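Grab a viewer and work through these exercises at your own pace. Each task comes with a solution right below it.

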Amino acid sequence: MSGFSRQAVLVAAIAFTAGAAGFWVARWMPQTPTVAEGAVARLLEPERIEGQAAAAVSLPDNEGKIRTLKDWPGKWLLVNFWATWCAPCMHEIPALIDAQARYEKAGLQVLGIAMDDPEAVRALMKEKAFNYPSLIGDEQVQLVMEQFGNTIGALPYTVLIAPDGVVRYVELGGVDTAKLDNLMQRFLPL
Amino acid sequence: MAFARTLVVGLTLIATAASAESLLGGKSSALGKGADLLAVDQAFQLQGATRRGHEIALDWSIAPGYYLYRHSLKVSVDAPAKAPFTGPELPKGVAMNDAEFGNVEIYRGSLQAKLTLPADAAAPRTLRVKYQGCADIGVCYPPQTRLVAVK
């Protein structure tokens with residue numbers, strides 16, 4: 001190949017590469033809102049929470065009684081943050097009910113914490129035949145979630161707390177029976 | 001060699017752009033042990049309320065991989081109290097069937113809600129706007145309420 005031909009191929013390759021890169025950038029630029037620097041961060045921080053003492057919680061339950069995590073001494077607490085407006089939260093409720101039934105004797109206590117209207121929560125707990133209690137709150141629940149490492153406020157969010165009050169595991173997004181079985185086998189004295 | 005080097009540089013550029021897309025879109029985020037999600041105001045950017053004659057337009061820019069529910073979008077007047085309007089008029093959304101919520105409509109990409117003002121009444125200066133949405137990776141954000149000045 002002559003020097004001129006090689007140069008022509010090189011120029012064509014650069015033009016193609018620049019075009020392809022431009023296409024990729026242009027493809028997302030018009031659809032993607034401007035994202036402030038640092039906005040896409042690790043908004044969930046399990047490494048900051050796991051192994052640490054659980055944050056204090058004081059919220060009314062579904063019967064209006066103020067409860068704290070110390071109300072279930074000696075239990076492995078599976079704390080599930082949820083809401084009736086959250087579809088993935090609704091989908092995981094049967095698995096949580098099942099876990100409560102199957103692992104209660106091994107020391108598990110499932111505890112919901114709903115970011116929702118109390119009436120909506122009570123109606124749904126009745127409809128779904130909850131076998132575990134739920135605390136209820138509004139902005140307060142968001143503050144509690146932040147203390148448990150979920151700084152973005154997204155639901156569902158699940159935290160496993162050992163009987164000694166130390167957080168052992170956190171999970172953002174829905175859980176199912178297989179995932180809960182794995183979690184129980186990993187941590188509970190079965 | 002120069003040709004090969006150029007191709008390598010080109011492919012690297014493409015790969016960089018592709019990874020930037022997935023980071024911003026959040027589509028490849030893994031849930032569970034730490035997920036990269038947009039903060040709610042980046043996922044659902046309410047860009048403001050603009051009055052043109054007898055109409056007010058509310059605009060959202062919705063990040064790729066996120067969506068707003070049509071049934072959750074509500075608008076009321078914050079000031080002056082009782083300033084009348086009709087609406088919001090919303091475009092047809094994308095149908096979504098949820099096992100719990102049944103058939104719902106969602107919005108992706110962008111959304112404009114329109115309010116219509118009567119000819120002979122004080123126009124709203126501040127609107128109270130409520131909306132709620134989720135991310136495709138399986139989490140939802142709490143309902144949001146924003147006070148928006150009409151420009």
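**Exercise 1: a helix with two sides**

Which residues are exposed on the other side of helix 5 of chain A? Find them, then sort out the buried side.

Solution. Keep in mind that this is a predicted model.
- Step 1: Look for the outward side. Glu139(A) and Leu143(A) are the exposed residues there.
- Step 2: Now the buried ones in helix 5 of chain A, which spans residues 139-147: they are Val141(A), Val144(A) and Met145(A).
- Step 3: Look down the axis of helix 5 of chain A. Its buried residues fit within an arc of 100°, so they line one face of the helix.
- Step 4: Ask what that face packs against. The buried residues of helix 5 of chain A pack against strand 3, strand 4, strand 5 (134-137) and strand 6 of chain A.

**Exercise 2: a covered strand**

Work out how strand 3 of chain A sits among its neighbours, and how many of its residues are buried.

Solution.
- Step 1: Count burial. Strand 3 of chain A covers residues 76-82, and seven of its seven residues are buried.
- Step 2: Split the strand by face. One side carries Trp76(A), Leu78(A), Asn80(A) and Trp82(A), the other Leu77(A), Val79(A) and Phe81(A), and both faces are covered.
- Step 3: Check the parallel neighbour. Strand 4 of chain A (residues 108-115) pairs with strand 3 of chain A in the parallel sense, over seven bridges. In that pairing, Leu77(A) stands opposite Gln109(A).
- Step 4: Trace the connection. From strand 3 of chain A the chain goes through helix 3 (residues 87-103) of chain A to strand 4 of chain A, a β-α-β crossover that is right-handed.
- Step 5: Turn to the antiparallel neighbour. Strand 6 of chain A (residues 157-161) pairs with strand 3 of chain A over five bridges in the antiparallel sense. Here Leu78(A) has Leu160(A) as its bridge partner.

**Exercise 3: backbone oddities**

Hunt down the cis peptide bonds at Pro156(A) and Pro88(B), then look at some positive phi values.

Solution.
- Step 1: In chain A, the cis bond joins Leu155(A) and Pro156(A), with omega about -5°. Pro156(A) belongs to the loop between helix 5 and strand 6 of chain A.
- Step 2: In chain B, Gly87(B) and Pro88(B) are joined by a cis bond with omega about 5°. Pro88(B) lies in strand 5 of chain B, residues 86-89.
- Step 3: On to phi. Gly149(A), just after helix 5 of chain A, takes a positive phi of about 95°.
- Step 4: Ala129(A) isn't a glycine, yet its phi is positive at about 55°. You'll find Ala129(A) in the loop between helix 4 (118-127) and strand 5 of chain A. Ala129(A) counts as exposed because it has 9 C-beta neighbours inside 10 Å.
- Step 5: Lys82(B), another residue other than glycine, has a positive phi near 70°. Lys82(B) sits in the loop between strand 4 (74-79) and strand 5 of chain B. With 9 other C-beta atoms within 10 Å, Lys82(B) is exposed.

**Exercise 4: how far to trust it**

Where in chain B does pLDDT stay under 50?

Solution.
- Step 1: Start with the complex. The predictor gives an ipTM of 0.77 and a pTM of 0.77.
- Step 2: Check chain B overall. Its average pLDDT is 82, and 77% of its residues score at least 70.
- Step 3: Find the weak stretch. Over residues 1-30 of chain B, pLDDT stays under 50, and the model has 48 contacts beyond four places in sequence for those residues.
- Step 4: Draw the moral. Predicted coordinates shouldn't be read in detail where pLDDT is low.

Technical notes
Residues numbered from 1 in each chain as written. Chains lettered and ligands numbered in written order. Predicted model: local features only at pLDDT ≥ 70, side-chain atom pairs only at ≥ 80, totals over all residues. pLDDT = per-residue confidence, 0-100. Contact = placed C-beta atoms within 7 Å. Buried ≥ 20, exposed ≤ 12 C-beta atoms within 10 Å, placed from the backbone. Helix = DSSP H or I, 4+ residues; strand = E, 2+ residues; numbered from the N terminus. Pairing = 2+ DSSP bridges. Right-handed = clockwise from strand over helix to strand, strands pointing away. Arc of directions from axis to C-beta.
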